[in-house]
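Hi,

Here is the structure I said I'd pass along. Have a look at it first, and my notes follow underneath.

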Amino acid sequence: MKAIVITSPGGPEVLQLQDVEDPSIKDDEVLIQVAATALNGADLSQRMGSYSPPKGASPYLGLECSGTILAVGSSVHRWKPGDQVCALLSGGGYAEKVAVPVGQVLPVPEGVSLRDAGALPEVVCTVWSTVFMMSHLSPGESFLIHGGSSGIGTFAIQIAKHLGVRVFVTAGNEEKLAACKNLGADVCINYKTEDFVARIKEETGGKGVDVILDNVGGPYLQRNLESLNIGGRLFLIGFLGGAVTEVNLAPLLIKRLTVQAAGLRSRSPENKVEIVKEVEKHVWPAIAASKVKPVIYKSLPLSEAAEGHRLMESSIHIGKIILIP
């Protein structure tokens with residue numbers, strides 16, 4: 001098969017389409033002919049050599065895909081060759097075929113094309129596991145999403161609004177803020193021209209929001225704590241601004257705050273199975289009912305993965321960038 005290979009750590013130009021060996025499947029895995037995969041921030045880090053795949057994972061990029069099942073392992077009963085599915089991966093999506101543990105495979109949601117379904121698993125599993133399973137965001141609460149126009153952000157806005165949450169977002173220009181507004185965000189803040197802490201306090205009568213999903217890290221930590229309501233929960237899913245900072249911990253004590261952080265790729269197979277089950281139960285019906293949809297910015301051939309990485313690094317995109325083998 002053909003796959004994108006990182007020829008050496010570096011810029012987008014190190015990504016090359018090459019002939020590689022087909023993956024083999026274990027008894028509890030399925031082999032998928034990839035119809036589409038989508039870019040994620042972790043792909044950029046892995047390309048630059050700063051984020052290694054977990055032990056036993058495919059060496060190739062790609063944390064999600066959609067496609068058609070080609071073969072199933074001896075202990076797989078739910079799926080058969082020919083079924084159209086999407087899947088959460090530990091790697092291997094930037095290829096024509098990928099082997100996936102059966103517990104990380106999902107049906108293509110009703111009303112979503114096979115291609116577009118490739119942009120769902122990673123963002124949906126990330127948001128559902130962090131915001132709902134671990135931070136317990138509930139109807140009637142308020143929720144701040146940093147980077148509202150990202151793949152994570154565009155999904156998080158929609159699912160939170162569907163579940164009766166008041167949604168705040170930050171983004172860096174008026175086009176991105178308008179896109180967030182169109183997806184249902186209630187309060188849209190330009191972080192380049194506004195102090196998000198002051199705006200949140202103004203909009204919440206001085207209380208703050210209940211949950212924050214943040215991928216900036218260090219530079220935002222103090223301000224995030226100041227932006228939270230009593231009993232508020234901050235969840236960190238990235239450190240785009242750096243992982244080191246100095247912080248005054250007093251708000252944690254005074255407001256009974258919780259700070260958590262987690263990735264998705266490094267979680268145990270058992271935990272991923274639990275997340276995928278929850279997603280199919282709670283999120284797939286919302287997608288089938290057209291309450292939530294994948295937001296696709298651009299589709300590129302797999303051979304143009306380098307161009308996709310350049311586009312993602314430019315940060316002009318709104319939603320997901322997908323690659324088609």
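How do the residues of the lining of the largest cavity divide into nonpolar, polar and charged? There are 6 nonpolar, 3 polar and 2 charged residues in that lining. Before I go on, keep in mind that this is a predicted model, and every value below is computed from it.

**The cavity**

Searching the whole structure turns up 1 cavity of 30 Å³ or more. The volume of the largest cavity comes out at about 50 Å³. Helix 4 provides the largest share of its lining, with 4 residues. The full set around the largest cavity is Ala119, Leu120, Val123, Gly151, Thr154, Phe155, Gln158, Lys293, Pro294, Val295 and Lys320.

**A buried glutamate**

Lys320 from that lining also turns up in a polar contact: its side chain pairs with the side chain of Glu64 at 2.6 Å. Glu64 sits in strand 4. Is Glu64 buried or exposed? Glu64 counts as buried because its relative accessible area is 0%, and the cut-off for buried is under 20%. The Glu64 side chain has another partner as well, reaching the backbone nitrogen of Glu122 at 2.7 Å. So if you are setting up protonation states, those are the two contacts I have listed for this side chain.**The second largest pocket**

The second largest pocket holds about 700 Å³ of space. Its lining is made up of 34 residues, and those nearest the centre are Glu29, Gly56, Ala57, Ser58 and Ala99. In terms of chemistry, the lining divides into 15 nonpolar, 9 polar and 10 charged residues. Which element gives the most to this lining? That is strand 6, with 5 residues. Strand 6 (97-101) and helix 9 (269-282) each supply at least two residues.

Ala57, one of the residues nearest the pocket centre, belongs to the loop between helix 1 (41-47) and strand 4 (64-72). With a relative accessibility of 23%, Ala57 counts as partly exposed. Ala57 and Lys201 are 144 residues apart along the chain, and their C-alpha atoms are separated by 44 Å.

Gly41 makes a useful counterpoint. Gly41 is in helix 1 and is partly exposed, at 40% relative accessibility. In sequence, Gly41 and His309 are 268 residues apart, yet C-alpha to C-alpha they are 9.3 Å apart in space.

**Helix 5**

Which residues of helix 5 are buried? In this helix, which spans residues 174-183, they are Lys176, Leu177, Ala179, Cys180 and Leu183. These residues lie on the same side of helix 5 because they cover an arc of only 155 degrees around the axis. The spacing fits the usual helix geometry: an α-helix has 3.6 residues a turn, so residues three or four places apart point the same way. Glu174, Glu175 and Asn182 are exposed on the other side of helix 5.

The buried residues of helix 5 are covered by elements including helix 4 (151-162), strand 9 (166-171) and strand 10 (187-190). Helix 4 is also the element that gives 4 residues to the lining of the largest cavity.

Both ends of helix 5 have a detail to look at. At its start, a side-chain oxygen of Asn173 comes to within 3.1 Å of the backbone nitrogen of Glu175. Just after the helix, Gly184 has a positive phi of about 120 degrees.

**Two backbone angles**

Gly184 is a glycine, but positive phi values also turn up elsewhere. Arg256 is not a glycine, and its phi is positive at about 55 degrees. Where is Arg256 found? It is in the loop between helix 8 (250-255) and strand 13 (258-261). Arg256 counts as exposed, with 59% relative accessibility.

Ser315 is another residue that is not a glycine and has a positive phi, here about 65 degrees. Its loop runs between helix 11 (305-314) and strand 15 (320-324). Ser315 counts as partly exposed, at 38% relative accessibility.

That's everything from my side for now.

Cheers

Technical notes: Residues are numbered from 1 along each chain as its sequence is written. This is a predicted model: local features need pLDDT of at least 70, side-chain atom pairs count only at pLDDT 80 or more; totals for chains, interfaces and linings use all residues. Side-chain values use heavy atoms; hydrogens and water are left out. Buried means under 20% relative accessible area, exposed over 50%, partly exposed in between (1.4 Å probe, protein chains only). The arc is that of the directions from the helix axis to the C-beta atoms. Contact means heavy atoms within 4.5 Å. A polar contact is a pair of N or O atoms within 3.5 Å; within protein, one must be able to donate a hydrogen and the other to accept it, and residues adjacent in sequence count only if both atoms are side-chain atoms. On a 1 Å grid over the protein atoms alone, a cavity is a set of points where a 1.4 Å probe fits but cannot get out, and a pocket is an open set with protein on both sides within 12 Å along at least five of seven lines; lining residues have an atom within 4 Å of a point. Grid points are joined across faces, edges and corners, and a volume is the space filled by probe spheres set on the points. Ala, Val, Leu, Ile, Met, Phe, Trp, Tyr, Cys and Pro count as nonpolar, Asp, Glu, Lys and Arg as charged, and the others, Gly among them, as polar.
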